[in-house]
Amino acid sequence: MIYLRFLTERYSIESALIRFGTRSVFSHVEFIDPDKQMTLGARLDRGVQFRPMDYCKPTSERWYSAQGIEEAYAEGMEFIGQGYDWRDIAGIALDQNWNRAGMMICSRFVLYANIRAWALRGSQPWLNPDQ
């Protein structure tokens, strides 16, 4: 089973800037496959990639399941290798829109994977993971 993992790392400057700019308790989102002990997400280190589940030490995390998540995960694999948009993170911290085409941050990666799953596979679009 695939999940979405929302997390934060309290002692990370990048995480603190994102939490401040988004006014959220979480600073990162990614797909997680606990059976394979792997995540798929966009991070400053190497952009969109598979990573071992223990690559970071979250101080808080929450996992969600959603209808169509397997399809979104499969579509997310199409983005592997895309670079990380560090300028967008700086923009979030300063309340500016500095995103660059062809570059990803974690939330855009998950959103685009879901949009592709909805458009190409007829999967359910996500509105709110709590519903």
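**Helix α4.** I began with helix α4 of this predicted model, where the 16 residues 106-121 should span 22 Å at 1.5 Å a residue, and I found the end C-alpha atoms 22 Å apart, which agrees. Just after α4, I noted that Gly-122 takes a positive phi of about 70°.

I then asked which residues of α4 are buried, and listed Cys-106, Arg-108, Phe-109, Val-110, Ala-113, Asn-114 and Ala-117. Looking up what these buried residues pack against, I found the strands β1 (3-8), β2 (28-33), β3 (38-43) and β4 (47-52), together with the helices α2 (69-76) and α3 (86-93).

**Asp-85.** Next I turned to the loop between α2 and α3, in which Asp-85 is found. Is Asp-85 buried or exposed? I entered Asp-85 as buried, because its relative accessible area is 0%, and the cut-off for buried is under 20%. Leaving out residues up to four places away in sequence, I recorded that Asp-85 touches Trp-98, Asn-99, Arg-100, Met-103, Met-104, Ile-105 and Arg-108. Arg-108 in this list is also one of the buried residues of α4.

**Strands β2, β3 and β4.** I went on to β3, which is mostly covered, since five of its six residues are buried. On one side of the pairing record, β2 and β3 run antiparallel over three bridges, and Phe-31 stands opposite Leu-40 in β3. These two strands form a hairpin with four residues between them, and in its turn I noted a positive phi of about 60° at Gln-37.

For the pairing of β3 with β4, I found six bridges, again in the antiparallel sense, and here the bridge partner of Leu-40 is Phe-50 in β4. Leu-40 is thus entered twice in my notes, opposite Phe-31 and with Phe-50. The hairpin of β3 and β4 has three residues between the strands, and in it Arg-46 takes a positive phi near 75°.

**Second largest pocket.** Last, I looked up the second largest pocket, for which I noted a volume of about 250 Å³. Which of its 16 lining residues are the closest to its centre? I wrote down Phe-6, Ser-24, Phe-26, His-28 and Ser-107. As for the elements that give two or more residues to the lining, I entered α1 (13-22), β2, β5 (60-64), α3 and α4. By character, I counted the lining residues as ten nonpolar, five polar and one charged.

Terms used
Residues are numbered from 1 along each chain as its sequence is written. This is a predicted model: local features need pLDDT of at least 70, side-chain atom pairs count only at pLDDT 80 or more; totals for chains, interfaces and linings use all residues. Side-chain values use heavy atoms; hydrogens and water are left out. The expected span of a helix is 1.5 Å times one less than its number of residues. Buried means under 20% relative accessible area, exposed over 50%, partly exposed in between (1.4 Å probe, protein chains only). Contact means heavy atoms within 4.5 Å. On a 1 Å grid over the protein atoms alone, a cavity is a set of points where a 1.4 Å probe fits but cannot get out, and a pocket is an open set with protein on both sides within 12 Å along at least five of seven lines; lining residues have an atom within 4 Å of a point. Grid points are joined across faces, edges and corners, and a volume is the space filled by probe spheres set on the points. Ala, Val, Leu, Ile, Met, Phe, Trp, Tyr, Cys and Pro count as nonpolar, Asp, Glu, Lys and Arg as charged, and the others, Gly among them, as polar. Two strands pair if DSSP finds at least two bridges between them.
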